[in-house]
Amino acid sequence: MSNYLHIPRKVVFYISKSSIEQLADRIVLDAVRNQASDIHIIPRQLDTLIQLRMNNNIVPRLYLPKDECDRLISHFKFRANMDIGEKRRPQSGAFVSYVNNRAISLRLSTLPSYNSESLVIRLLPQQEQIPIYQLSLFPNITRKLLALLKHAHGLIIFTGPTGSGKTSTLYSLINETSHLFHRNIITLEDPIEKNYDGVLQVQVNEKAGITYATGLKAILRHDPDIIMVGEIRDAETAQIAVRAALTGHLVLSTMHTRDAQGAIYRLHEFGVNWLEVEQTIVAVTAQRLVELTCPFCQKDCTPFCHSYGRWKRASVFEILTGKNLNGILREAKGEQASVKYQTLKDVIRKGIALGYIKESEYERWVSDNDE
């Protein structure tokens with residue numbers, strides 16, 4: 001089993017009961033060594049496939065017998081304090097693993113499938129923090145994001161698809177503002193992905209009655225300056241986040257929308273009236289994680305190069321604030337407004353023209369409807 005990580009052809013390993021824990025540790029170690037962002041454990045009809053997401057590529061790493069899948073997933077679920085016996089509904093959890101004296105936060109998500117239960121593990125190194133100067137590909141955007149944190153109250157929403165770097169951006173900004181402005185920061189997360197000593201972090205626990213809604217109500221009585229809500233996912237959370245912004249707090253949160261202006265429409269769908277939206281929203285950002293042009297490879301990188309390539313990705317942003325934000329709000333209400341701002345399409349085009357971003361990223365992130 002010691003050489004399974006380097007075998008290119010399909011090989012199925014039969015694992016003894018005493019080796020499940022060792023196998024799980026070796027899978028995590030392999031992912032950390034290759035700077036993978038996710039581990040995919042996928043049950044199939046005849047076997048189990050272990051894959052890693054390295055940059056934007058899914059790379060098969062290991063094949064296991066079909067009956068080993070349940071045992072491996074149960075081991076990870078046990079470590080994350082998840083319900084091992086429940087396989088009919090999705091679950092989520094997290095725990096911290098130590099690899100070569102490095103703390104790695106593992107965020108688990110299970111999903112029932114036709115063959116069996118599948119598992120995806122997101123890897124988040126605890127000690128690694130994106131320096132604020134590397135937050136965006138273009139430094140002027142970083143300065144704008146930092147300037148937003150100077151607001152005493154309001155709502156700032158970060159949007160983008162899964163894996164676009166929203167969480168990393170939030171953590172970097174929170175870490176920076178805790179040192180620069182010395183403000184009391186409380187987060188409400190599900191789950192807590194990275195631990196910070198200077199920030200009071202609250203874990204959502206629905207079994208114990210701590211939902212996003214009840215947690216936010218309690219946080220408002222805890223004298224915070226900045227509140228970070230992991231995600232606005234329903235009407236109740238949206239209403240309380242807006243109420244917190246109206247009562248003199250700066251609220252940071254994420255939302256899954258295609259672009260920045262989509263978050264404004266989503267808030268209205270959640271029952272927030274236009275007056276409250278106008279009074280609370282300070283800025284809305286949309287971001288994507290794009291692959292940069294490799295300085296070593298001419299075109300596509302080799303698998304070896306990909307394994308050392310996390311630094312070959314960078315975030316690009318579109319930001320709605322000030323006059324542009326007010327113009328989008330008027331358009332959303334059906335009024336006439338002239339709005340011109342730098343969209344994600346424009347930013348990606350600029351990066352390609354300057355030779356920073358691969359041309360293939362434009363096709364990947366810009367749809368036909370954006371043209």
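In this predicted model, start with helix α2, where glutamate 68 and arginine 71 sit 3 residues apart, which means that about one helical turn separates them. Their side chains form a salt bridge, and the closest N and O atoms are 2.5 Å apart. How buried or exposed is each partner? Glutamate 68 has a relative accessible area of 6%, so it counts as buried, the cut-off being under 20%. Arginine 71, at 28% relative accessibility, counts as partly exposed.

Now follow helix α2 itself, which covers residues 68–79 and packs on a sheet. The helix touches β1, β2, β3, β4, β5 (102–112) and β6 (117–125). If you compare directions, helix α2 makes about 45 degrees with β6.

What is the order of the strands in this sheet? Reading across, you meet β3-β2-β1-β6-β5-β4, and the pairing is antiparallel. The sheet is open and has 6 strands. Its edges are β3 (57–65) and β4 (91–99), each of which pairs on one side only. From one strand to the next, the twist averages 20 degrees.

Let's pick out one pair of strands. Strand β1 takes in residues 38–43 and strand β2 takes in residues 47–54; they run antiparallel, and 6 bridges join them. Try finding isoleucine 41 in your view: opposite it, in β2, stands isoleucine 50.

Back to salt bridges. How many does a search of the whole structure find? The search finds 16, and you have already met the one between glutamate 68 and arginine 71.

Another lies in helix α7 (residues 260–269), where glutamate 269 and arginine 266 are 3 residues apart, so about one helical turn lies between them. The closest N and O atoms of this salt bridge are 3.6 Å apart. Here glutamate 269 is exposed because its relative accessible area of 61% is over 50%. Arginine 266, at 28% relative accessibility, is partly exposed. Elsewhere, Glu86, Arg88 and Arg89 are joined into one network by salt bridges that share partners.

For a last stop, look at arginine 258 and aspartate 259. Their side chains meet in a salt bridge, at 3.9 Å from N to O. Arginine 258 has a relative accessible area of 48%, so it is partly exposed. Aspartate 259 is buried, with a relative accessible area of 17%.

Conventions. Residues numbered from 1 in each chain as written. Predicted model: local features only at pLDDT ≥ 70, side-chain atom pairs only at ≥ 80, totals over all residues. Heavy atoms only, no water. Pairing = 2+ DSSP bridges. Helix = DSSP H or I, 4+ residues; strand = E, 2+ residues; numbered from the N terminus. Axes fitted to C-alpha atoms, helices over the stretch in contact; angles between N-to-C directions. Contact = heavy atoms within 4.5 Å. Salt bridge = Lys/Arg side-chain N within 4 Å of Asp/Glu carboxyl O. Buried < 20%, exposed > 50% of the residue type's maximum accessible area, 1.4 Å probe, protein only.
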